[in-house]
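Colleague: Got a minute to go through this one with me? I'd like to talk through the contacts.

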Amino acid sequence: MEKEVILDKISFRKKVEQLSNLPTLPNLLDKFTRMLKDPKTSMAAFGKELSKDQMLTSKILKLVNSAFYGFPGRISTVTNALVLLGYDALKGLIISSNIFENLPPEAYPLWHHSVTVSLASRAIARELSLPDIEEFAVAGLLHDIGKVILHVEASEEYRTVINQAKKTKQPVWQTEGEILGFDHANIGLWICEEWKLPKKLTIPIGYHHMPAAPKEYHMRVAVVTMADILVRSIGGGAEDDLPLETPDPIIEVQVPLTLKQIRKLIEGIAPEFESLKRLAPKEIN
Amino acid sequence: MKESIPITDAEPGMVLAKAITNDKDMTLCAEGTPLTEDLIDRFAQMEIDNIYIESNKEMSQEEYLALKERIEKRFVASYNANSLLGKIKIALLEHLESQKGSS
């Protein structure tokens, strides 16, 4: 079967890497990253410095206090947000917010999917009593960041991919691989490396469709993959009702959930998804 | 019918009849959202005192069958009841039944 490759891998990767210079990624983030590089910065000092930036502060507080992102709630200072979420989770959250703001309306289901996967990742991590659950939530939020980039940067080509996947009922990521030569998880990995996100976030994002492939962070990948499966199972996939693929056995090994636990998770995320479906990203980002 | 109740009387399963917004008019939770224990806790933490709820709408037989059919469509891969997808499908169908039963 011959298919025309409509995007060139190397030039697209270059394009993705240059995204960090586009206005879509805020210069706020540059400042944030610069400050993080200084190991002497204490959390309180960092919070204080961040608070001087009105825009960033209001953005952070708006995000962390939104009921939809499910953070601990009623966070009134940036230092508080930092303590509760950690640097990495907060950085990921700022990135996600800025990226999703540019999403075209036809891709809103992708945002609904991503936020629900974020909630599900946190819920699974909590169910398994894992530490740093907010990092799982942010990995979930960003897991399909590659799809967002395809929607924004190559919308026409991407429409071809989605239509093809719907026609053949093949998973979207495999169809991307066949048509484009790379998939959205690859793009996620490139851009996360470009943004210098830590591996504990980069690997779950880059390998959520190949959870056995990375050498480390299997548990983190498995939680995000499991969250993705659960959200698709309740009808929260980004592209209609495509059939669920049989998950890699490593998922059940890393995330051993009982029927009762799965039921509890579904009961928690299904109503959240139903209410999210009515919103556009800019309403809560 | 909408009725305003204190957050202390809210119970999981009740449906929000009016969106919850903050003082900047940002929607925190949309109208039509079924309440969960987590959501109620979060509202209480946000110092929201009163919410509007709707009397529970019954799920019609047609709605139930349509939802069930959509679930079947998502699970075409071969699996047994002990596999991960098998467990998820059982959990989903149980969840659907419970929604039908409780309304």
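Modeller: Sure, here is a quick run through the interface, one helix pair, the salt bridges and a couple of backbone angles. Keep in mind that this is a predicted model.

Colleague: Okay, interface to start. How many residues does the contact take from chain B and from chain A?

Modeller: It takes 35 residues from chain B and 41 residues from chain A. The area buried between the two chains is about 3200 Å², and carbon and sulfur atoms give 62% of that.

Colleague: Which elements of chain B give two or more residues to the side that touches chain A? And what about polar pairs, how many are there between the chains?

Modeller: Polar pairs before elements: 6 residue pairs are in polar contact between chain B and chain A, both residues being at pLDDT 80 or more. As for elements giving two or more residues on the chain B side, they are β4 (27–29), α1 (37–45), α2 (61–74) and α3 (84–102) of chain B. Of these, α3(B) gives the most, with 10 residues. By class, that side of chain B has 16 nonpolar, 10 polar and 9 charged residues.

Colleague: How many salt bridges go across that interface?

Modeller: The rule finds 3 salt bridges across the interface of chain B and chain A. One salt bridge in the model joins the side chains of Arg263(A) and Glu94(B), at 3.3 Å from N to O.

Colleague: And how many over all chains?

Modeller: Over all chains the structure holds 17 salt bridges. Take Glu106(A) and Arg159(A): their closest N and O atoms are 3.9 Å apart. That pair links distant parts of the chain, 53 residues apart. Glu106(A) sits in the loop between α6 and α7 (108–127) of chain A, while Arg159(A) is in helix α10 (residues 155–168) of chain A.

Colleague: Changing topic: at what angle do α4 and α6 of chain A pack?

Modeller: Helix α4 (residues 54–65) and helix α6 (residues 87–100) of chain A pack at about 95°, with axes 11 Å apart. So α4(A) is roughly perpendicular to α6(A).

Colleague: Which residues meet there?

Modeller: From α4(A) you have Leu56(A), Lys59(A), Ile60(A), Leu63(A) and Val64(A). They meet Leu90(A), Leu93(A), Ile94(A), Ser97(A) and Asn98(A) in α6(A). The residues of this contact divide into 7 nonpolar, 2 polar and 1 charged.

Colleague: Last thing, the backbone. Where does Lys169(A) lie, and what is its phi near?

Modeller: Lys169(A) lies in the loop between α10 and α11 (172–180) of chain A. Its phi is near 55°, a positive value in a residue other than glycine. Most residues other than glycine have a negative phi. Tyr217(A) also has a positive phi, near 60°, and lies in the loop between α13 (199–206) and α14 (218–233) of chain A.

How values were computed
Residues are numbered from 1 along each chain as its sequence is written. Chains are lettered from A and ligands numbered from 1 in the order in which they are written. This is a predicted model: local features need pLDDT of at least 70, side-chain atom pairs count only at pLDDT 80 or more; totals for chains, interfaces and linings use all residues. Side-chain values use heavy atoms; hydrogens and water are left out. Axes are lines fitted to C-alpha atoms, for helices over the stretch in contact, and angles run from 0 to 180 degrees between N-to-C directions. Helices (H or I, at least four residues) and strands (E, at least two) are DSSP runs, numbered from the N terminus. Angles under 35 degrees count as roughly parallel, over 145 as roughly antiparallel, 65 to 115 as roughly perpendicular and the rest as oblique. Contact means heavy atoms within 4.5 Å. Ala, Val, Leu, Ile, Met, Phe, Trp, Tyr, Cys and Pro count as nonpolar, Asp, Glu, Lys and Arg as charged, and the others, Gly among them, as polar. Buried area is the accessible area (1.4 Å probe) that two parts lose on being put together, summed over both. A salt bridge is a side-chain nitrogen of Lys or Arg within 4 Å of a carboxyl oxygen of Asp or Glu. A polar contact is a pair of N or O atoms within 3.5 Å; within protein, one must be able to donate a hydrogen and the other to accept it, and residues adjacent in sequence count only if both atoms are side-chain atoms.
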